[in-house]
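Visitor: Could you take me on a close look at the pockets of this protein? I am in my first year, so please go step by step.

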Amino acid sequence: MGKILGFVLLWRLLGNPFLAILVLLVIVYLLDRRFVGILPSVTKPFKRMGQISKLRTQIGMNPSDVSSKHELARLLIERKKDSEALKLLESIQAQSEDSAEFWDDLGTVCLRQGKIAEGETSILRALELNPRVKYGQPYLRLADVYKNSDRDKAMDYVRRFQEIHSSSCEGYYLLGMMYKSLDRKEEAKEAFQEAIDIYRSLPKYKKRQERKWAVLSMIKK
């Protein structure tokens, strides 16, 4: 009712229903970005492109800059430019043997290219170096790979992830989504409810950080 009233008021104020819809959408977007964070950032892709350009320049000036190559590979993975990311990662492997982040990035690229065994080995190496690397999400990537071919293995990875995220709204939301993909509806519902319950128990300063996952859990539940 409130949205309809707001639309009518904007229509009368602006004199154009299409402009009123556009303004309403902008307001919803700004409120979401400020208080929730479900909608994607419209500026992030442009910032990422700027970072990629800057890193390419840095690497051109200093081809032995391992940290810049790794950061560039990470940004390329976000853009799903896996072939270029893989070449960069392979070029710094000798200097990154002890980096859990490196092995997880390498494994992620391999999984997306269909090299399942190679990808799993790399991600397990990352988790061996640091079981909490990237907040345990590599476990969910592995679970996703095996959810159709080996459900027992998929569930084992889900359980390992759950051990890390015992009090995180994001963790329980991701857990619920994985249960949902495994067609375990009751477990999914319980995980979403747990995310909501955790959110309600959080102090104010933490709620902003976890609100997105609580809202998504309410929607999925």
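Guide: Happy to! We will visit the largest pocket, then the second largest one, and end with some aromatic rings.

Please keep in mind that this is a predicted model. A little background helps before we start: rolling a probe the size of a water molecule over the atoms shows where empty space is left.

Let's begin with the largest pocket, which holds about 1100 Å³ of space. Its lining is made up of 24 residues. If you want to find its centre on your screen, look for Lys44, Glu78, Gln137, Arg141 and Glu170, the lining residues that lie nearest to that point. What kinds of residues form this lining? They divide into 12 charged, 8 nonpolar and 4 polar ones.

Several helices help to build the wall. At least two lining residues come from each of α4 (66-78), α6 (100-112), α8 (137-146), α10 (169-181) and α12 (204-220). Which of the helices gives the most to this lining? That is α6, with 4 residues.

Now move on to the second largest pocket, with about 190 Å³ of space. Around it you will find Arg132, Tyr135, Ile164, His165, Ser166, Ser167, Ser168, Glu170, Gln209, Glu210 and Trp213. You have met Glu170 already, as one of the residues nearest the centre of the largest pocket. Here the lining divides into 5 polar, 3 nonpolar and 3 charged residues. Helix α12 gives the most to this lining, with 3 residues.

Trp213, from the lining of this second pocket, leads us to the rings. Ring pairs link Trp213 with Tyr173 and Phe192 into a cluster. Across the whole structure, a search finds 4 aromatic pairs. One of them joins Tyr173 and Phe192: their ring centres are 5.9 Å apart, and with 40° between the planes the pair is tilted. This pair links distant parts of the chain, as Tyr173 belongs to helix α10 and Phe192 to helix α11 (residues 185-201), 19 residues apart. Are these two residues buried or exposed? Both Tyr173 and Phe192 are buried.

Before we finish, here are two places where a lysine meets a ring. Lys153 lies over the face of Tyr146, at 4.4 Å from the ring centre. Likewise, Lys207 lies over the face of Tyr199, and there the distance to the ring centre is 5.3 Å.

How values were computed: Residues numbered from 1 in each chain as written. Predicted model: local features only at pLDDT ≥ 70, side-chain atom pairs only at ≥ 80, totals over all residues. Heavy atoms only, no water. 1 Å grid on protein atoms, 1.4 Å probe; cavity = no way out; pocket = protein on both sides within 12 Å on 5 of 7 lines; lining within 4 Å. Points joined across faces, edges and corners; volume = space filled by probe spheres on them. Nonpolar A, V, L, I, M, F, W, Y, C, P; charged D, E, K, R; others polar. Phe/Tyr/Trp six-rings, centres within 6.5 Å; stacked < 30°, edge-to-face > 60°. Buried < 20%, exposed > 50% of the residue type's maximum accessible area, 1.4 Å probe, protein only. Lys NZ or Arg CZ within 6 Å of the ring centre and 35° of its normal.
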